[in-house]
Structures are given as C-alpha cells and as structure tokens.
Amino acid sequence: MADWHGPQGPFDIPDVPDFVPRRLKPWLFILFVLIVQFSGGVYMAAASDMVGTTALMQQDILMAGYASLVGMSINFAVMFRLKFRFSSRVGLLMCGTVLIAANLICASTDSVPLLVATCFVAGWFRMWATFICNSTIQLWLTPVRDMAIFFCYVYLVVDGVIQLSGIFTVYTAFFWQWEYMQWIMVGLLVLMMVMVLLLVRPRHDPLHIPLLGIDWIGAGLWSVFMLCFTFVCVYGNYYDWWEAEEITGATIIGLACVAINLWRATFLHHPYISFTALTNHNVLRATLIYLIFFTLLATEHVFEHSYATAILGYDETNMIDLNWYVLAGILVGCGFTYVTFALRRWRYRTMTAIGFALAAVYLAYFYFLLDYGVEKEMLFIPLFARGAASVIISIVFLTSILQGGMHFFVFPQALTVNGFTGAVMGATLGPAIIGEWLSHTVARNASQIGSVFTDFNPASHMPLGQLYGMVQVQALAVSIKEIYGWLLIAALTALLVILLGFGPVRPTAILPKWRTIRRLLRHEARTSTAD
C-alpha cells in the first residue's frame, strides 16, 4: 500500500516560480481550468439566436455541441500519456491556441461539417487542458489520491460551469450578439496563455515517454461510431428515423466501425479500448445505471423548454434563470457527496438510492405541479433535485470504475467508455426516446381533444388558427403530464430494485503515485515499440 499513497510534505507546484505565493499556485490552475471549461466553441444556450441569424438548424447546433463531448470522451484513453509526454506549459499553450482557433471558426462559419469537426477537436483539447490543470493540483485536493474526493471537485467545476456558461451566453446574446461570447472567450484564452508564459516554467528535464504504441486507427473508428450514434439520436426525428437514407447510412457506418474495432481488439496487444474495459463488471453496471437514470432525466432536454415557453410563456432570459436553481442543486449535491460518500464512506447502494430518490422527487413534483399558472419560484425544488441527483450518480459511478479491480492501463480506457455512456449517450439517447414518445403522445391526445372541441358549439365557431393553437397547447400539457407519470413509476421501480439488489461495498478508490504511473507508461511505450 505504501506504493499507492503516503504522507506528503507541503504542497507546491515546481512549474510555477517561487515569487508566486505557494498558497496561490493551485488557484492559478483552477483559474486556467475554469477558462478552458467555458471555452466550448459552440454554446448550445445560444442555439435560438444562432438559428435566427444563420442558415443552421437547431439540430446542427446540438450536433456540434455533442461533438465536443465526443472529443472530450475519446481523449480519456491517452490523457496520461499526454501528461508524461508534454510539460504543463507546452500543453496549455497548445490547447489555448487550438481553442482560440475553434472559437473564431465557430463564430464565423455556417458549414455544419466544419462546425462539427471544429467542436470535436476543441473538445479533445479542452479535455487535455482540463486534465493538465486538475492533475497538477490533485495532491493539493487529496494528498492520499482518494478519487472519491477528487471527483467531487471535478463535477463541481464541470457541471457548475455548464450552468454558468448557459447563463452568461444567453445574457451576452440578449445585451449584444451571440458571437460576442466567442470573442470574450478568445480574450480570456489569450489572457491564460500570457499568464502561462509568465508564470509557468518550461520543463528542462525531458520525460522520454513518446506517443508510440497508441492505436490511433482505433481512436478514429471509435470517434466515428460515437459521432454516428449522436447523429442518429439528434437528427432521427427530423429525418423520420430509418425511413431516411441519412439515418440508415449513419447507422451502418457506426455499426461497421464498432465491428472493425472489436475485430481488431482480438489480435492487437494495445487496442484503444480493450475487451477488458468493455466487459468490466463495474463499467457495465455504470453503463446500465447511466442509461436508466439519464433517460429518466431526459425530460430536462425535451419537456422543460417546451413547458416553460409554450405553456408558461417564458422568454430566453427567464428560461436561463432556471439554471441558478440547477446550479444550487449541483453545489449542494457535490458537498453532500463529499461529506457522506468521500469522507464518511457511505455505501454505493445508499448513494445510488439517494440519487434515484431525488430523480423521483423531480418527476413527481412536475407531475403533480404541472399547470398553466406556475410561478418561477415554484420550480426551485424539482430543478434543485435534478441538479443534485445528476452529480451524485456521476461521482459515485465514476469512482466505482477505478475500484473495479482492473489494471491501471485499462482504467483510462474505462474512462472513455464511461465518458461516452455518461455524457454522450446520456445527453442524446434519452432525449431521442422521450422526444419520439412525446410526438406520438401529443398527436394522439390532440386528435382526442380536437374532437371534443369541435363537438362543443362555441369552440367550433372560433377561427381555425386559434382553435388549432388551443388544441396543441392543451395536448402538449396533457402529454407532458402523462409521460412524467410513467417516468415516475419507472423511477420508483428502479429505486426499489436498487434497495434490494446492490451490495454493501464502500468507496476505496486510490490512484497510484505519479512516479508509479510514469514508470508503468514508460514500460508500456517500450513494449509497444518492441511489438
């Protein structure tokens, strides 16, 4: 156990000169990671403004935004190799340069392929820069390398920035134009690069871990599969699913990429994602939980905007103000998980049950609250519960992956699978299922309500447009309430299964020392070169 953690001296960052006070050094890298996390290329909160001023559709902007998540997910498998190949100074300068170019391109292009490719690359470099910063201050956050503690910080930053980014983007577009968000981020990235040049030393001792033996072909194939999966989920309803050649072609290409990668993994010594990572018990369990949990919360993407705009009559600024409620849930959820799960070692079953119970509260509140006269303040409880539930489940099951007993080489591959299932599939598959369910339910309810309206004499003398609008709004409200009810039943059923089925395991996820990881990676690079 001594090889994994032990007593640490006063925390310091040798890459930062001594004229910077030691206590301020970690906060310098926290500032860097905040700037990087805000730099998204495309800001999905400004989708309505972009649709109004460009030739892009809503689906195009969503596809570009999710492509950034794919880029971030696919980077996990090589992030440790990148850390020990490039110094923090070089890595941050490279990432800053790429992110500046990505923001400039996204602010000026209407080409969907270029937009998607740019956001994918931007996501890859965002993940790299984020890992540089977070790994630098990891021992400051947890001297014993307890990943349950570390992941509480990670999700506090990442999920918190997602909410704040939406708020800043909408208000920037409201007071100026949506492109100004990109220009603001370019300025902040330039400031970060200047600070890196002044405050981060160049490393003179070479790390001697080349980027050899990495299955870049496998990385490309997995990326294409993830992008095809995202394309099907985002554009499926628009193209009428597999009735269209576009969806059919994307499905065939995605399945072919998976088949080729699985075939290559049978004979490659170092595939990008191995069978060990794909079949690990904790990875499979986390994937199943993510699919169920984020499908239950997919109403966030499908219902909340429709409910707030079509039924409550909110504009974009009133809509985005609801992010403050979600942010409060994230802050409390991370703090609660830190105290109970990371420090007091509450069981995985307990934490999972709490997460699903909060999801049930979110669904139940909307089911019973749904009405035409709801005040904005009444939405605090469900949105707070959703934010807290999301970070609790994410922290708990990301921690469980490191505790899965796999070799450390497999851990980054498992993180890639976790990133895809938790972030990409969680953001696209659930909304695609719920959105299709909603469209069929609205059509059924509209036909029933419409027949009642036309049979009622006073309503039959209304102008056709007004009658149609009343029917659609009423059908939407009834359909949303109906689906919330079914999802609530599913959430309560899942909660019962969790209470009966999970074991008494407690978190003990400890990351090895950096010198141990460096030695393992050097050995892997040496054996890969020999192979």
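This passage describes three helix contacts and a cavity in a predicted model. Residues are numbered from 1 along each chain as its sequence is written, and side-chain values use heavy atoms, with hydrogens and water left out. Local features were accepted at pLDDT of at least 70 and side-chain atom pairs only at pLDDT 80 or more, whereas totals for chains, interfaces and linings use all residues.

Two packed helices are described by the angle between their axes and the distance between the axes. Helices here are DSSP runs (H or I, at least four residues) numbered from the N terminus, and their axes are lines fitted to C-alpha atoms over the stretch in contact, with angles running from 0 to 180 degrees between N-to-C directions. Helix H8 (residues 147-175) takes part in a packing with helix H1 (residues 25-38), in which the axes come within 9 Å and cross at roughly 50 degrees. H1 is therefore oblique to H8, given that angles under 35 degrees count as roughly parallel, over 145 as roughly antiparallel, 65 to 115 as roughly perpendicular and the rest as oblique. The crossing of H1 and H8 is right-handed, the near helix being turned clockwise from the far one by less than a right angle, with anticlockwise giving a left-handed crossing. Contact (heavy atoms within 4.5 Å) is made by Ile30, Val33, Leu34, Gln37 and Phe38 of H1 with residues of H8 that include Tyr153, Val157, Leu164 and Phe168. Ten nonpolar, two polar and no charged residues form this contact of H1 with H8, where Ala, Val, Leu, Ile, Met, Phe, Trp, Tyr, Cys and Pro count as nonpolar, Asp, Glu, Lys and Arg as charged, and the others, Gly among them, as polar.

H8 also packs with helix H9 (residues 179-199), at an angle of about 120 degrees and with the axes 8 Å apart, which means that H8 is oblique to H9. This crossing is right-handed, and in it Ser165, Phe168, Thr169 and Thr172 of H8 meet Tyr180, Met181 and Ile184 of H9. The contact of H8 with H9 comprises four nonpolar, three polar and no charged residues.

Helix H5 (residues 88-108) and helix H6 (residues 112-136) pack at about 150 degrees with their axes 9 Å apart, so H5 is roughly antiparallel to H6. The crossing of H5 and H6 is left-handed, and their contact residues divide into 18 nonpolar, four polar and one charged.

The second largest cavity is lined by Glu304, Tyr307, Ala308, Leu322, Phe366, Leu379 and Leu383. Helix H14 (residues 299-311) gives the most to this lining, with three residues.

Key:
Helix = DSSP H or I, 4+ residues; strand = E, 2+ residues; numbered from the N terminus. 1 Å grid on protein atoms, 1.4 Å probe; cavity = no way out; pocket = protein on both sides within 12 Å on 5 of 7 lines; lining within 4 Å.
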